[in-house]
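User: I should like to go through the helix packing and the charged pairs of a model, with the reasoning behind each term made explicit. Please take the terms one at a time.

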Amino acid sequence: MGGVTVTTRQTATAQQQTRRSGPATGRRPELAAFLRGRRARVTPADVGMAPGLRRRTPGLRREEVAQLSGVGVTWYTWLEQGRPINASPQVLDAVARTLRLDPPEREHLYELAGVAFLPGRESDAFEVGEEIQGIIDALDPLPAVVYNARYDVLATNPGYQDLFGIPAMRGTKVRNALWSLFTASEENCPVVHRDQELPLMAATLRSGYGRHVGEPAWESFIAALSEASPYFAKLWRSGDVVPPGRRVKTFRHWAVSGEIRMTSVSLTINGLPECRIVTYTPADEESRELLAALRKHRRGGEDR
């Protein structure tokens with residue numbers, strides 16, 4: 001594999017960074033040793049590369065780590081040499097992914113580089129344990145779901161599946177609430193007041209995005225959804241930001257006649273940073289009766 005060309009601009013930037021203050025001098029040798037040790041244990045096969053004919057060691061070369069991480073060779077070389085250069089969380093995340101660091105090792109890398117570590121910031125959770133699933137199952141018939149900051153659907157109970165018409169979600173290849181709602185036609189969307197609810201959801205997404213700027217999973221999701229939904233693209237360009245919170249949302253379902261008004265409440269989950277359980281309770285008696293009718297419809301008319 002050939003070397004990676006370093007531009008004059010990259011070199012100048014790295015030179016400027018050496019003049020800035022970095023973490024304590026005593027951590028630099030440890031950072032250098034840590035990176036060299038972790039680089040040595042990652043083989044080309046681990047990252048889908050051919051080993052080559054003239055490889056002296058089984059691990060990756062510096063230029064390979066730089067290329068796989070999307071950083072300049074000079075910058076990474078100086079980082080591994082323990083020079084006092086600055087590193088952003090996004091760049092450290094990229095290096096950590098290339099070196100296949102586990103969570104404790106990633107945190108150690110941040111500490112040695114003098115960068116504040118946020119648990120769970122590198123990637124979103126994609127599954128929950130049996131305990132959390134058991135909690136939301138026990139809430140049925142009240143709808144409940146576990147979202148991460150990107151609105152990926154990590155777990156649901158039957159009540160949520162009734163309310164949101166999960167078959168429509170299964171019809172897409174993306175198990176994500178935003179994707180399902182923004183790409184559904186207006187007549188098939190379970191949310192009644194789209195012009196009110198969807199802007200709030202897009203703004204809630206942006207409130208989480210600030211912690212993930214530059215991460216491939218987030219950037220590719222936003223780009224794909226913007227292409228699939230011009231309405232989302234327009235809302236995203238607005239730059240609005242709101243946090244998750246208590247709201248009253250109105251739903252419709254083909255199996256019942258009437259609007260179902262539900263109060264949503266978000267609950268944080270210890271051990272799953274940026275994930276939340278969202279529960280929905282009927283906002284009035286009519287909605288309670290319609291929710292019961294949905295449950296009865298699901299059970300084939302037998303409320304047992």
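User: Which residues in α3 meet which residues in α5?

Analyst: In this predicted model, V65, L68 and S69 are the residues of α3 that meet A94, V95 and T98 of α5. The residues of this contact divide into four nonpolar, two polar and no charged.

User: What angle and what axis distance describe the packing of helix α3 and helix α5?

Analyst: Helix α3 (residues 62–69) packs against helix α5 (residues 89–98) at an angle of about 120°, and their axes are 9 Å apart. That angle makes α3 oblique to α5, because roughly perpendicular ends at 115 degrees and roughly antiparallel requires over 145. The crossing in which α3 passes α5 is right-handed.

User: Why are α11 and α12 called roughly antiparallel?

Analyst: The axes of helix α11 (residues 194–209) and helix α12 (residues 216–228) cross at roughly 155° and come within 12 Å. The term applies to angles over 145 degrees, and α11 and α12 are therefore roughly antiparallel to each other. Their crossing is left-handed. From α11, the contact is made by L205, G208 and Y209, and from α12 by W218, E219, F221 and I222. These residues divide into five nonpolar, one polar and one charged.

User: How do you know that the side chains of E111 and R27 meet in a salt bridge?

Analyst: The N to O value for E111 and R27 is 3.2 Å, and the cut-off is within 4 Å; the pair therefore qualifies. E111 lies in helix α6 (residues 103–113) and R27 in helix α2 (residues 27–41), so the salt bridge ties together parts that are 84 residues apart in sequence. With 46% relative accessibility for E111 and 27% for R27, each falls between the limits of 20% and 50% and therefore counts as partly exposed.

User: What makes E105 count as buried or exposed, and what of its partner R41?

Analyst: E105 has 13% relative accessibility and counts as buried, because the limit is under 20%. R41, at 40%, counts as partly exposed. The side chains of R41 and E105 meet in a salt bridge at 2.8 Å, N to O. As R41 lies in helix α2 and E105 in helix α6, the pair ties together parts that are 64 residues apart in sequence.

User: How many salt bridges does a search of the whole structure find?

Analyst: The search finds twelve. Among them is the pair R150 and D152, at 2.8 Å, N to O; R150 and D152 are both buried. In addition, E259, R261, D284 and E286 are linked in a network of salt bridges.

Terms used. Residues numbered from 1 in each chain as written. Predicted model: local features only at pLDDT ≥ 70, side-chain atom pairs only at ≥ 80, totals over all residues. Heavy atoms only, no water. Axes fitted to C-alpha atoms, helices over the stretch in contact; angles between N-to-C directions. Helix = DSSP H or I, 4+ residues; strand = E, 2+ residues; numbered from the N terminus. Parallel < 35°, antiparallel > 145°, perpendicular 65-115°, else oblique. Left-handed = near helix turned anticlockwise from the far one by under 90°. Contact = heavy atoms within 4.5 Å. Nonpolar A, V, L, I, M, F, W, Y, C, P; charged D, E, K, R; others polar. Buried < 20%, exposed > 50% of the residue type's maximum accessible area, 1.4 Å probe, protein only.
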